[in-house]
Amino acid sequence: CIIWYRNKNICKQKYHGFLLKEREENDLYFQVNICDKHKNTARWLLSAYPLFVPCVSNNTKKVNLITLGSTPFLYNTIKEAMSCCYMSKCTLTITAIDTDISLMEKQFKQEASGLYANPPIKNKLIPEFISLDLLGPSLENSIANKSEEKARDELAQGNYFVVDVGSDFENIKLARRLRTYFLRHDRNFRRLPFIAVRITDPRNAYLAERLTVGNKAPDKYWYNNYNLCVFCDCGPSFDRINLIEKLGMNIHLSYYDKDKVGGTKTYYRHSYNRDSSEAAAVSLIYRMFDCDIMYQNCAEYSEMNFEKLKALAIEYSTKISNDDLILNQCAAAEQTRFNWSLLVNGWSYADPSQVHAYMSESKSTSHKQELAKLHPFLFDFDEFTKSREEGSKFDILKSYLGDSNLKNPKDSTIGAVKNVLEYFKENGAQKGIDNIKEER
């Protein structure tokens, strides 16, 4: 993403003086984003404050994610929630609400067209998009309107809210109004859903995090604290992003037993590999949650580091290694997450005739077609475990292609889930990078 400037001063204000060229007064200056801050911030939020927070705090089996606004960050939050956060023990729904939500809905349907093309999967999640005046003079009147019954029902069921409608002031104001609305309409004053608020200025974040009710001493109770989760764009979270990248690299290299150099090259060379592996890294805490391995105090996830996650992974590894049923359930959950991740990022299911056609035409040995974004393995895990007599989609594909060497992804999926401790080897990613340096 490149943004051009003709004015040196504007560029300095925009990017704190990081100029890539400076020769004459009329030179062009440009800013280069080498990472997607919206995607990174969304992944940070979903790992530091996992979607299962309501399940732990309120003992519920339903997670209803509600995004308020239609900013690029919220769009990425929806996509990353589907890419990273599938849970077999909880039902996840996603609803996006804004004054004019039509543009976000159109973009999502265009980019995730495979999700709407009836892919052969049982667990399928399609977000709801609802228009509601969020910034009007009275949010309560907007919700109370008879024509807004759907929005009212979704807000009543929501238990994980993410707010990003505009400026810092507008975000904080809407979050406060939401908290007031929920308490006002609950006779027992127990309607205290998780509310996260995106703030761009760290100074505003500091103040909003300590926002208390007037004439009340600061404390943690509902009647003197708005209890908002305030965060900035990856500001304090570079350690978490580095952790996700490190685990993502190690997850990718786990498929390369000996050729760590080749694995490292393909990790950086293909965005498919990197995105998929980093999404799998974020999903680790969700797989652990499915096995009842979690922190009872969810605030500890915001302080997660490599060693703390490794301690949970050891407990998780012990549990799945001793129980094949749990291991297969985790593998099935990982396959569903993989399906959602590809579908929401523009991929579609490829039937056997399509696979045969593009493999023959391109004379390729790869079963997926990256240009057309077609993948033949977008189906449920049990299709890999069925016999041919039971109509296994994998066996049908194998017979159609006449390829007896086509590997069944079942074993690699189970292996990736079972060998979780391999991801925490300190020298995995670094060894591949060091070998590339020596090779050069």
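This report describes helix α7 and strand β7 with the elements around them.

The model is predicted, with local features requiring pLDDT of at least 70 and side-chain atom pairs counting only at pLDDT 80 or more, while totals for chains, interfaces and linings use all residues. Residues are numbered from 1 along each chain as its sequence is written, and side-chain values use heavy atoms, with hydrogens and water left out.

Helices (H or I, at least four residues) and strands (E, at least two) are DSSP runs numbered from the N terminus. In helix α7 (residues 149-157), the buried residues (under 20% relative accessible area, 1.4 Å probe, protein chains only) are A151, E154 and L155. These residues lie on the same side of α7, because they cover an arc of only 100° around the axis, the arc being that of the directions from the helix axis to the C-beta atoms. The buried residues of α7 pack (contact means heavy atoms within 4.5 Å) against several elements, among them β3 (62-68), β4 (91-98) and α8 (168-184).

Strand β7 (residues 194-198) has five of its five residues buried, so it is largely enclosed by the rest of the structure. F194, A196 and R198 cover one face, and I195 and V197 the other. The pairings of β7 (two strands pair if DSSP finds at least two bridges between them) are set out below.

| Strands | Bridges | Direction |
|---|---|---|
| β6 and β7 | four bridges | parallel |
| β7 and β8 (residues 229-231) | three bridges | parallel |

Within these pairings, V162 has A196 of β7 as its bridge partner, whereas R198 stands opposite F231 in β8.

Definitions and conventions
Buried < 20%, exposed > 50% of the residue type's maximum accessible area, 1.4 Å probe, protein only.
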